[in-house]
Amino acid sequence: MALSEPVHAESAVTLTPRSATDDDWSKMLRLDATSFGHVVDPASLAAWRSMIPAGGALVVEDGGDVVGQALYLDMEMTVPGGGRLPVAGISWVAVAPTHRRRGLLRAMLTELHDRIAVAGYPVAALTASEGGIYGRFGYGPATVQQGWSVDRRRVQFRPDAPDPGGVRIVAPAEHLEDFAERYDRWRANTPGGLARPRALWDDLMADRDGERGGGSPLFAFLHPDGYLLYRAHGEHAKYVRVVEKVAVTADADIALWRTLCGMDLMERIEIETHPGDPLPYLLTDARPVRTTASGDELWVRLNDIPTALQARSYGADLEVVLGVTDAFRGDVDRFVLRVEGGRAYCARTDAAAEVGLDVDVLGALYLGAHRASSFAAANRLRCNDSEIIGRLDAAFASEVSAELGFPF
Ligand SMILES: CC(C)(COP(=O)(O)OP(=O)(O)OC[C@H]1O[C@@H](n2cnc3c(N)ncnc32)[C@H](O)[C@@H]1OP(=O)(O)O)[C@@H](O)C(=O)NCCC(=O)NCCS
């Protein structure tokens, strides 16, 4: 007798998403905690809820229990060149382990993106728990995050490396306004930077035990053009884990790194940063900077391609017809993209496509963190003319490394 998969009594979707009500939130908290293994503090929940527009949260209910949930936050994201776009930030996505793989996520995202389209968000974004989920929904990984472990005791700055100074040790709770001012200047120029409302600053500065990951309370360094928040971890051999490093200028970045690396009793520094971080270039030997992880962070989906492509600036002139497929929303469309002097004109066209790609690939190119030629090599961007691919590389490159503003 052949072995077969057990057939689940409810293998098809029969449950429909609906808007969440106030009464659902205690059950949503339970599902979130079950899914992620972490209990969100009620005060923190209130901060995040303040960012959900009316009708922005969905649940799926079964027999009085919430078994699925997904929502979007009203956010604002910086794009290359400093333009800002309203962004629907997808978050709180969870399906109960008792109801997984029956299409609940797909049903919720379909309804949520209908609502996002009605609300007129040109771009949606998210951070993903797993890399294999969201490509099918038209999201592409648009920033690159690198995890570094720096063997601080072996770090030696080059004799010609700048030493700008200007860093103070401060009590974090007393300097929220200073951090926010520097953060705002940083995010205004950084693709992927997000407006951070006061409620989320208060949430970060609350520094609750449950958010410390076994580390110390927050410590802070302040520079006129940057700041750094970190925790100390470990018992005998202590090490630093950076919570947030924000530098508006190269000098601020170097000054903050020099201060961190000057902490004699800390064995190593762990940080999640980006490929443009200057530290390795400042050292006589870059090997103490070990990359321990490299991967995706912010995922982007372009809902309104002309609006999104016209909002950013470009590194080179270009004229091309893009044929973009979007299997999730059922669209295949062609767009002319004309770039002159850094600015773009983009509109639907009937002209033949010169480049074919899925909308998730366009999302991955959008902030300049990935190259068209890499996708072409993988046959995910199809074009017979290598010159056009080269021009796409040059046009979509961003002078400033894209980074996620903050996790959501
Ligand atoms: C990830 C999660 C939301 C999926 O929910 P689900 O209801 O089982 O998903 P669906 O049945 O609607 O699947 C939709 C599609 O995604 C795929 N998919 C679902 N989970 C996946 C995973 N973890 N990795 C890769 N693909 C996945 C399905 O195969 C299906 O593909 P198809 O429609 O193209 O055939 C659910 O497993 C979960 O809550 N996990 C824990 C919390 C979490 O990771 N949340 C996401 C936070 S970003």
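A residue is called buried here when its relative accessible area is under 20%, exposed when that area is over 50%, and partly exposed in between. With that in hand, please keep in mind that the views below show a predicted model.

**View 1. Strand β14 is covered on both of its faces.** In a regular strand, side chains alternate between the two faces of the sheet. In β14, W299 and R301 sit on one side, V300 and L302 sit on the other, and all four are buried. With a relative accessible area under 20% as the cut-off for "buried", neither face of this strand is left uncovered. β14 covers residues 299-302 and is joined to β6 by 2 bridges, with the two strands antiparallel. One pairing to look for is P141 with its bridge partner W299 in β14. β14 also pairs with strand β5 (residues 123-126), again in the antiparallel sense, through 4 bridges. Here A124 has R301 of β14 as its bridge partner.

**View 2. An open sheet is built from 7 strands.** Follow the order β1-β2-β3-β4-β5-β14-β6 across this mixed sheet. At its edges are β1 (18-19) and β6 (140-141), each of which has a pairing on one side only. You can find β14 between β5 and β6 in that order.

**View 3. D74 of strand β3 and A195 are far apart in sequence, by 121 residues.** The strand that holds D74 runs over residues 65-78. From C-alpha to C-alpha, D74 and A195 are 10.0 Å apart in space. D74 has a relative accessibility of 42%, so it counts as partly exposed.

**View 4. Four arginines make a patch of positive charge on the surface.** The members are R100, R101, R106 and R136. R106 belongs to helix α3, which spans residues 104-119. Its relative accessibility is 40%, which means that R106 counts as partly exposed.

**View 5. A salt bridge between R185 and D225 links distant parts of the chain.** The closest N and O atoms of this pair are 2.8 Å apart. R185 is in helix α4 (residues 176-189), whereas D225 is in the loop between β9 (219-223) and β10 (226-233); the two residues are 40 positions apart. Are these partners buried or partly exposed? R185 is partly exposed because its relative accessible area is 32%, and D225 is partly exposed as well, at 22%.

**View 6. R268 meets E270 in a salt bridge.** The N to O distance between these side chains is 2.8 Å. The two partners fall on either side of the 20% cut-off for "buried". R268 has a relative accessible area of 22%, so it is partly exposed, whereas E270 has 19% and is therefore buried.

**View 7. R391 and E387 form a salt bridge within helix α10.** Their side chains meet at 3.4 Å, N to O. An α-helix has 3.6 residues a turn, so residues three or four places apart point the same way. R391 and E387 are 4 residues apart in α10 (residues 386-396), so about one helical turn separates them. R391 is partly exposed, with a relative accessible area of 31%, while E387 counts as exposed because its relative accessibility is 55%. Elsewhere, D178, E181, R182, R185 and D225 are joined into one network by salt bridges that share partners. How many salt bridges does a search of the whole structure find? The total is 35.

**View 8. Strand β18 has a parallel partner, β15, and an antiparallel one, β19.** β18 (residues 355-358) runs parallel to β15 (residues 318-326), and 4 bridges hold this pairing. With β19 (residues 381-382), β18 shares 2 bridges in the antiparallel sense. G356 of β18 is a handy landmark: it stands opposite G323 and also opposite R382 in β19.

**View 9. Helix α8 is mostly covered.** Of the 8 residues in this helix (359-366), 8 are buried. They are V359, D360, V361, L362, G363, A364, L365 and Y366. Just after the helix comes G368, with a positive phi of about 85 degrees.

Conventions: Residues numbered from 1 in each chain as written. Predicted model: local features only at pLDDT ≥ 70, side-chain atom pairs only at ≥ 80, totals over all residues. Heavy atoms only, no water. Patch = residues over 30% accessible without salt bridge, like charges linked within 9 Å, V, L, I, M, F, W, Y side chains within 5 Å. Areas by Shrake-Rupley, 256 points an atom, 1.4 Å probe, with all protein chains shown as cover. Lys, Arg positive; Asp, Glu negative; His and termini not counted. Charge placed at Lys NZ, Arg CZ, Asp CG, Glu CD. Buried < 20%, exposed > 50% of the residue type's maximum accessible area, 1.4 Å probe, protein only. Pairing = 2+ DSSP bridges.
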